[in-house]
Amino acid sequence: MTMGQQEKPQVSALLELLPDWLQQLIRINSLVAARMGVIMTDFHCLHALQQSGPTTPGALAARVGLTAGSATRMVDRLEAAGCVTRAPDPKDRRKVVVVPTPEGLERASSYYAGLTAQTHRDLADFTEEELQVLLRFVERSLASAIAEAERLSAGS
């Protein structure tokens with residue numbers, strides 16, 4: 001916002017609500033992680049595997065900001081919880097990849113069934129144009145959040 005511009009009331013309202021909304025999503029994720037017998041970081045890794053597929057422990061650690069040692073312990077915990085397995089890397093048999101199990105993904109997904117159904121109901125009354133605007137906002141916000149996380153992790 002440049003000097004002399006007034007913030008739109010809707011922008012102020014959104015900026016006021018977003019932290020509470022995000023906090024509740026973090027709370028849900030924490031509760032789901034606890035029910036699955038893992039910690040939040042492990043749960044973030046399971047989500048990353050669900051989104052991107054099998055990967056090496058090192059790549060997974062980099063994606064969520066862990067050290068190599070932490071990644072090994074994380075994979076151990078996820079494996080003990082039945083959420084992942086280790087498999088030889090098809091590109092380099094000396095390495096392993098972390099593979100999400102169908103059971104682990106289904107278990108995680110089942111905890112979100114109620115929220116997913118409610119979100120579908122929440123969005124049902126929106127017009128196509130409104131949904132496009134929401135989608136554009138979420139895409140831009142996600143890109144901004146990724147950029148900010150990278151900036152912060154780089155120490156800037």
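Modeller: Before we begin, a definition: a residue is called buried when its relative accessible area is under 20%, exposed when over 50%, and partly exposed in between, using a 1.4 Å probe and protein chains only. The model is predicted, so local features need pLDDT of at least 70 and side-chain atom pairs count only at pLDDT 80 or more, while totals for chains, interfaces and linings use all residues. Residues are numbered from 1 along each chain as its sequence is written, and side-chain values use heavy atoms, with hydrogens and water left out.

Colleague: How many salt bridges does a search of the whole structure find?

Modeller: The search finds five. A salt bridge here is a side-chain nitrogen of Lys or Arg within 4 Å of a carboxyl oxygen of Asp or Glu.

Colleague: Which residue forms a salt bridge with arginine 77?

Modeller: The partner is aspartate 42, and the closest N and O atoms are 2.6 Å apart. This pair links distant parts of the chain, 35 residues apart: arginine 77 is in helix α4 (residues 68-80) and aspartate 42 is in helix α2 (residues 40-52). Helices (H or I, at least four residues) and strands (E, at least two) are DSSP runs, numbered from the N terminus.

Colleague: Is aspartate 42 buried or exposed?

Modeller: Aspartate 42 counts as buried because its relative accessibility is 0%. Arginine 77, at 31%, counts as partly exposed.

Colleague: And what does aspartate 76 meet in a salt bridge?

Modeller: Its side chain meets that of arginine 86, at 2.6 Å from N to O. Aspartate 76 lies in helix α4 and arginine 86 in strand β1 (residues 84-89), so the salt bridge ties together parts 10 residues apart in sequence. Arginine 86 is partly exposed, since its relative accessible area is 33%. Aspartate 76 is also partly exposed, with 38%.

Colleague: Changing topic, how do β1 and β2 pair?

Modeller: β1 and strand β2 (residues 92-100) pair in the antiparallel sense over six bridges. Two strands count as paired if DSSP finds at least two bridges between them. A hairpin of two residues joins β1 to β2.

Colleague: Which residue in β2 does threonine 85 stand opposite?

Modeller: Threonine 85 stands opposite valine 99.

Colleague: Back to salt bridges: where do arginine 151 and glutamate 148 lie?

Modeller: Both are in helix α7 (residues 128-153), and they are separated by about one helical turn because they are three residues apart. Their side chains meet in a salt bridge of 2.5 Å, N to O. Arginine 151 is partly exposed at 35%, and glutamate 148 is partly exposed at 34%.

Colleague: Which residues do salt bridges with shared partners join into one network?

Modeller: That network consists of Asp76, Glu79 and Arg86.
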